[in-house]
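Please look over the sequence and the model shown here before reading on. The paragraphs that follow go through the places where the parts of this structure meet.

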Amino acid sequence: MNSYTIRNLKDFQLDHIFDCGQCFRWNKTGPGVYSGMAMGRRVTMEQRGDSLTVTPCTKEEFDTIWRPYLDLDRDYGRIKEILAEKDPVMARACEWGTGIRILQQDLWEVIVSFIISQNNNIPRIKGCIERLCRLVGAAPEGEEDRRAPVQESRQEPGQAVRQTPGQEGLRAFGANVGLDGDQYPDFPSAQTLAALEPEDLAPARLGYRARYVIETARQVAEHGLPQTADQVLSLSGVGPKVANCILLFGMKKYDSFPIDVWVRRVMHELYGFREEDVKGMKAFAAAEFGEFGGFAQQYLFYYMRSL
DNA sequence: TTCCAGGAAATGC
DNA sequence: GCATTTCATGGA
């Protein structure tokens, strides 16, 4: 299989990039090796020292898809210099999380992923997203759809058969299909999800978030993807924290500073804020980190989680 | 059992 | 306006 290798990478560590909570569809399959699904493609990335090998991948695919996805054209060394000068805590966090890069992910996938992330833990978020993709996601380009047909017997006897436009697209993996990571369906589109009802997503076990995902899918199917912060906040199941994640990870708004339980913890324990003083933390981040707030947040998040 | 997880929406005051 | 409660799910 064709691979592409890029050498002499600086400020690049796959382990930190895929373990700082920004993405959920990459899985570690060996030392420095990750297999996953992004940009509609299933690939494996392997880092050895300052070299990165992507498989399958051509030079053209690397330059047009993975170079921007991995944000390789941004000078993270300079960003760390600027942030490290701010305060000793930030300096340590930059050093600890060196090699972190903010991926340029698909906006729709980011929206759904972070709606699912609310009041949830990272391993279970990954499980929810994987089950959602296996349930209603499209087969990736160039691969045949090996999913089992939808089980018709789910319908209770005597219960009216509900017809929805998306019914024919609904699939479910049978219990005999191994969950061995060998299947990587693409992320379901807004149109696909908009045509479903919350009970259709029950096998994905999103909990009460299924309603938010479908309602947001309908908003996006009708009005298109959000383009402003206000439009992001108007989505169902999107509050201040999730909105900031969407702006940062899906819309390149690098001044966003998502404040979750971990950031609250680090701001409380290492910066001396009261834990409930989210307004104070927000104001501090805006004044202190400014246009680099998103990068600062990622370093702090990773630092606090690994303490 | 109870608590908690990258919170948001509904409800109460 | 602000504080409290509720919302599924599953692991610790």
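**Where protein and DNA meet**

A polar backbone atom of Gly 21 lies 2.5 Å from a base oxygen of DNA strand B, and this pair of atoms is a convenient place to begin in what is a predicted model. Two further pairs involve phosphate oxygens of DNA strand B: one such oxygen is 3.0 Å from a polar backbone atom of Gly 239, and another pair has a polar side-chain atom of Arg 265 at 2.7 Å from a phosphate oxygen. Two or more residues of the surface near DNA strand B are given by each of H10, helix H11 (261-271) and helix H13 (293-305), and it is H13 that gives the most, with 4 residues.

Taken as a whole, the surroundings of DNA strand B comprise 28 residues, of which the closest are Gly 21, Ile 122, Tyr 208, Asp 260 and Gln 297. Of the atoms of this strand that come within 4 Å of the protein, 62% belong to sugar and phosphate. By class, the residues of the surface near DNA strand B divide into 12 nonpolar, 12 polar and 4 charged.

Turning to DNA strand C, the residues around this strand are Asn 119, Arg 124, Arg 205, Gly 207, Tyr 208 and Arg 209, and sugar and phosphate make up 60% of the strand's atoms that come within 4 Å of the protein. The surface here has 1 nonpolar, 2 polar and 3 charged residues. Which part of DNA strand C lies 3.2 Å from a polar side-chain atom of Asn 119? It is a base nitrogen, whereas Arg 205 has a polar side-chain atom 2.2 Å from a phosphate oxygen of DNA strand C, and a backbone N or O atom of Tyr 208 lies 3.2 Å from a sugar or linking oxygen of that strand.

The protein itself, chain A, is divided into domain 1 (4-73), domain 2 (107-251) and domain 3 (261-306). Between domain 2 and domain 3, 4 residues of the former are in contact with 5 residues of the latter, and the area buried there is about 290 Å², with carbon and sulfur atoms giving 67% of it. Ile 122, Leu 248 and Phe 249 supply 85% of the area that domain 2 buries against domain 3, more than any other three residues. Helix H10 (residues 240-250) gives the most to this side of domain 2, with 3 residues, and the residues of that side divide into 3 nonpolar, 1 polar and no charged. Across the interface of these two domains the rule finds 0 salt bridges.

How values were computed:
Residues are numbered from 1 along each chain as its sequence is written. Chains are lettered from A and ligands numbered from 1 in the order in which they are written. This is a predicted model: local features need pLDDT of at least 70, side-chain atom pairs count only at pLDDT 80 or more; totals for chains, interfaces and linings use all residues. Side-chain values use heavy atoms; hydrogens and water are left out. Domain bounds come from an automatic or database domain assignment. Contact means heavy atoms within 4.5 Å. Buried area is the accessible area (1.4 Å probe) that two parts lose on being put together, summed over both. A salt bridge is a side-chain nitrogen of Lys or Arg within 4 Å of a carboxyl oxygen of Asp or Glu. Ala, Val, Leu, Ile, Met, Phe, Trp, Tyr, Cys and Pro count as nonpolar, Asp, Glu, Lys and Arg as charged, and the others, Gly among them, as polar. A residue is near a molecule or strand if one of its heavy atoms lies within 4 Å of it. A polar contact is a pair of N or O atoms within 3.5 Å; within protein, one must be able to donate a hydrogen and the other to accept it, and residues adjacent in sequence count only if both atoms are side-chain atoms.
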